[in-house]
Amino acid sequence: MKKIRVGGAILILLTLLSLLFMGRGEIDSSLRSAPPTLSHILGCDTLGRDLLERIGGGVVVSLSISIFTSLLSVFLALVLVAIAINSEFLSSLLLTAVTAFKSIPTVLVALLLSSLWGGKTSSCIIALTITGTASSLRVLMVKAREIYGEDYMTALDALGIKEGRKRIFHLVPGLFPYAREEWATIMMSAILTESSLSFLGVGIDPSIPSLGSILAEGRPLILTRPHIVIFSSLGLLIIGGAITLISRGLSELDPTSH
């Protein structure tokens, strides 16, 4: 629990600080790529916008997208598992589709969606959700089959418990410990993937601040004005470390590990 509390405290503190310092990103052409000063603690970006405000907004946006897509992915995976667990045909079909889909990188999925719908934030979110659902579905399906084979599930049949009630009130709660781990894993993957997509220019709308897009803006100036890349990378590093702590803490709560 200690790792979960520490990781959660870091994320909450980082989010509160980001909300406190994020601003409108007013442009001042005279401060383009300006280094850190007392009035601009982290310096300015290539358009003269305060970098602290930009990174604050980027942290909030990146965390919001990663939390939303990871929760949605796990929820969809749980629903699909609950529907298909008692059907060998549906289970095999889903696992085959997941195996085939996982061979396609998320970047290619985002590029396809962007070409169909344009470079919108929704395209990035859908690509992250599809990938996250496919990632967690296989793990949860394997665990669901193990739970379905337990003696108490057989006893429920003997007691005349209906199939739908058995899945909702017994199977799904039994999957929660594994779903928690998958959520943390997918959240970590989502925030890195979203930053990578934004860095490549196929992520969220360029007008919305993102740590990946800030990194992309500072890349050409990495030798002359490294502060843009350093501080945005530091934000990603802190977020990644906090989520890693939460993920490890959740894995230690796995009942099968004791």
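**Exercise 1. Decide whether L14 is buried or exposed, and find what it touches.**

Step 1. L14 has a relative accessibility of 15% and therefore counts as buried; buried means under 20% relative accessible area, exposed over 50%, and partly exposed in between, with a 1.4 Å probe and protein chains only.

Step 2. Place the residue: L14 belongs to helix α1. Helices here are DSSP runs of H or I with at least four residues, strands are runs of E with at least two, and both are numbered from the N terminus.

Step 3. Leave out residues up to four places away in sequence, and L14 touches V59, I238 and I239. Contact means heavy atoms within 4.5 Å.

Step 4. Look at one of these partners along the chain: I238 is 224 residues apart from L14, yet their C-alpha atoms are separated by 8.5 Å.

A word on the ground rules before going on. This is a predicted model, in which local features need pLDDT of at least 70 and side-chain atom pairs count only at pLDDT 80 or more, while totals for chains, interfaces and linings use all residues. Residues are numbered from 1 along each chain as its sequence is written, and side-chain values use heavy atoms, with hydrogens and water left out.

**Exercise 2. Describe the overall build of the protein.**

Step 1. Count the elements: there are nine helices and zero strands. Along the sequence, this reads α-α-α-α-α-α-α-α-α.

Step 2. Take the dimensions: the C-alpha trace spans about 75 × 45 × 25 Å along its principal axes.

Step 3. Turn to burial: 42% of the 258 residues count as buried.

Step 4. Check how the contacts are spread in sequence. Of those between residues at least 6 apart, 71% join residues at least 24 apart.

Step 5. Finish with the surface. Its accessible area comes to about 13,400 Å², and 69% of that belongs to carbon and sulfur atoms; the areas come from the Shrake-Rupley method with a 1.4 Å probe, and for residues only the protein chains shown count as cover.

**Exercise 3. Examine the length and course of helix α5.**

Step 1. Helix α5 covers residues 121-148, which is 28 residues.

Step 2. From first C-alpha to last, α5 reaches 39 Å, close to the 40 Å expected at 1.5 Å a residue. The expected span is 1.5 Å times one less than the number of residues.

Step 3. Now follow the axis: α5 has a kink of about 25° centred on L137. The bend at a residue is the angle between axes fitted to the seven residues ending there and the seven starting there.

**Exercise 4. Work out the surroundings of S91 and the backbone of S33.**

Step 1. S91 lies in helix α3, residues 88-101. Its relative accessibility is 1%, so S91 counts as buried.

Step 2. Set aside neighbours within four places in sequence, and S91 is in contact with A84, I85, M141 and R145.

Step 3. S33 sits in the loop between α1 (2-21) and α2 (51-84). S33 is buried too, because its relative accessible area is 10%.

Step 4. What is the sign of phi at S33? The angle is near 55°, a positive value in a residue other than glycine.

**Exercise 5. Classify I67, L111 and L113 by accessibility.**

Step 1. I67, in helix α2, has a relative accessible area of 33% and is therefore partly exposed. Beyond residues up to four places away in sequence, I67 touches W183 and M187.

Step 2. Compare sequence with space for I67 and S247: they are 180 residues apart along the chain and 13 Å apart, C-alpha to C-alpha.

Step 3. Move to helix α4, residues 106-117, where L111 is found. With 39% relative accessibility, L111 counts as partly exposed. L111 and I186 are 75 residues apart in sequence and 20 Å apart in space, C-alpha to C-alpha.

Step 4. L113 is in α4 as well. At 10% relative accessibility, L113 counts as buried. The C-alpha atoms of L113 and L72, 41 residues apart along the chain, are separated by 18 Å.
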